[in-house]
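Colleague: Got a minute to go through this model with me? I'd like to start at the ligand and then look at the helices and the backbone.

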Amino acid sequence: MCGIVGYTGQKQAYPILIDGLKKLEYRGYDSAGVALHLGNHLAVYKKQGKVAALEAYAGDHPVAATTGIGHTRWATHGEPSDRNAHPHYSASGEIAMIHNGIIENYAQLKDELTGKGYVFNSDTDSEVLLNFIEDIKRNNECSLEEAVRVALKRVTGAYVILLIDTEYPDTIIAARKGSPLVIGVGKGEHFLGSDASPMLAYTKEVVYINDYELAIVRPDELILKNLGNERITPFVQKLDLELAAIEKGNFEHFMLKEIYEQPKTILDSLRGRLNAERGYITLSGLDRIEDKLRNAHRIVIVACGTSWHAGLIGEYLIEELCRLNVEVEYASEFRYRNPIISSQDVIIAISQSGETADTLVALENAKKQGATIFGIVNVVGSSIARITDAGAYTHAGPEIGVASTKAFTAQVAVLQLFALKLAQMRGTIDDTLFQHLLHELEAIPAKVEWILNNQVEAIQAIAHAYRDADNFLYLGRGYNFPIALEGALKLKEITYIHAEGYPAAEMKHGPIALVDEELPVVFVATKDVYHEKIVSNIQEINARKGNVVAVVSEGDETVNDLAKAVMVVPQAHEIVAPLLSVVPLQLLAYYIGVERGLDVDKPRNLAKSVTVE
Ligand code: F6R
């Protein structure tokens, strides 16, 4: 949440910062701003709203500078407004700072500073930290670097901060704890970002900054220190990422591009791991914790949002195939409710960004209690990936649309590999079924391609028919229940239509009261062991004049006849079928969002990568 960028070098900083902010806008778009080093003074330009509003405003002002910082905000302390937008000026106007994170003890620091006569121009915790730093610098007559170091020792919470100071014309001071920071190394220039996307057009050499590290960044120099003022050698890594991966190409939205990428991203998540022809799965991360898994009393899956839905599918898979007890936990609850964890627990952490604050802290707590952590993470080198004992990256590539799509299917594919491999290891699956499922999984990318080639028109028609609905109900059983939850979440996020996902049979215990002639009820009704039961549930809705829309397996005439409209997916074994049945629901949410004229890549109030709790 919140995107930060920085540049110091020989080029003009402003266009680089604006371009970088546009690439990071998925992290928040309540306001945007830049601070530039204009000769002997700083200029701060900031505006409520998206980066385009900032551009329109700053275009009329002087922007010639070779050092600057920029910020796109997801509001925590203080409403979205010009005054709460970053960067903030210090009281003297000599330092400007941007911040991603939350300073938890800001109220106490604010009281101290107010007592000394400081006046604040915003409601943010960030401005408090900035003035706290300036106060230390002035009172101790020390460098900005030293003042930052001293201040951060007093701070609780999470942060990435970037500061520029009139006293140090070409220098950016940066520090991190709990929020991501990447520094790109160019020739006579450095780039800073919440992720590598702002620097990808200029350099592929990057340094991932760790918690409690402080960077002094100049055009020709990158000095890294810990908060004890000891130097650390920067570890420069080469990015394995192409610019095209973070651009929209010919698609109208990132969300649509990412939905269409799924045949490839699912294949990428299976590549080098699944060999159906020879009949085996290689998952080196799982091998690394084989002993722990053999002796595990249970597996606990920890995640948030869409990743939590993938976790629910993981629970069904592992319990069915491996006969091992699995619990699925919301990270935000798990971290605070003092759960019972032992060294015989294996925790599976699922996260696209690898930076979700609740998931990260839940894992840190579990690790302290001796649990083994296996990560299913998309962003390579992210904080969650780094604290795991072992793991399997999902290899879905950068996901920029705020609503998660391709990351979800890649997570489910990796969970399927994990469950199959673990079942084989534990001797809980017979070889015929194992071999059959490997072929079923291998066939999935082509089947997703079939949906994308053959079902879009039907889905667009459904979207058009129901675009004005006030509520939706999504129902499914077994593996399709988490898909119903995910379909409902996608709809809420993208279209702002209220939607609920429910186990289809549970519907009779309450939600059926919602059914009337207006209500669209989306059944995820692909062919599986529950099929007859879900057909009965559809009839129950029809009897009450609800509008049944169904995701059905190809050739299913029964549901086809009962539903007002269908979205067809190819037949598949129920264990792999969620990878198919979710795709029409992603498209349905997308096209309803488009029908309603909404910015589906930037839904209101949301941000990708929830780095605050
Ligand atoms: C929904 C969505 C969120 C994320 C959740 C966890 O479309 O994207 O619900 O799934 O914030 O994020 P990660 O997976 O990055 O930990």
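Modeller: Sure, what follows is a quick run through the ligand site, two helix pairs and two backbone details.
Modeller: Bear in mind that this is a predicted model, where local features need pLDDT of at least 70, side-chain atom pairs count only at pLDDT 80 or more, and totals for chains, interfaces and linings use all residues. Residues are numbered from 1 along each chain as its sequence is written, and side-chain values use heavy atoms, with hydrogens and water left out.

Colleague: OK, how many residues surround the ligand?

Modeller: There are 14, and the closest are Ser307, Ser351, Gln352, Ser353 and Thr356. A residue is in if one of its heavy atoms lies within 4 Å of the ligand.

Colleague: How do they divide into nonpolar, polar and charged?

Modeller: Four are nonpolar, eight polar and two charged. Here Ala, Val, Leu, Ile, Met, Phe, Trp, Tyr, Cys and Pro count as nonpolar, Asp, Glu, Lys and Arg as charged, and the others, Gly among them, as polar.

Colleague: And which helix gives the largest share of that shell?

Modeller: H10, with three residues. Both H10 (305–322) and H18 (480–495) supply at least two. Helices are DSSP runs (H or I, at least four residues), strands too (E, at least two), numbered from the N terminus.

Colleague: Which side chain has a polar atom 2.8 Å from a ligand oxygen?

Modeller: That's Glu493. From the backbone, an N or O atom of Ser404 sits 2.9 Å from a ligand oxygen, and a polar atom of Val402 is 3.5 Å from one. The cut-off for such a polar contact is a pair of N or O atoms within 3.5 Å.

Colleague: How much of the ligand does the protein bury?

Modeller: 87% of the 410 Å² that the ligand exposes when taken alone. Those areas are Shrake-Rupley with a 1.4 Å probe.

Colleague: Back to H10: at what angle do H10 and H14 pack?

Modeller: About 20°, with the axes 9 Å apart; H14 covers residues 406–426. Angles run from 0 to 180 degrees between N-to-C directions, with axes fitted to C-alpha atoms over the stretch in contact. H10 and H14 are therefore roughly parallel, the label for angles under 35 degrees.

Colleague: New topic, which peptide bond is cis?

Modeller: The one joining His86 and Pro87, with omega about 0°. Pro87 lies in the loop between strands S4 (67–73) and S5 (88–89).

Colleague: And where is Tyr212 found?

Modeller: In the loop between S11 (205–208) and S12 (213–218). Its phi is near 65°, a positive value in a residue other than glycine.

Notes. Polar contact = N/O pair within 3.5 Å; in protein donor to acceptor, adjacent residues only side chain to side chain. Parallel < 35°, antiparallel > 145°, perpendicular 65-115°, else oblique.
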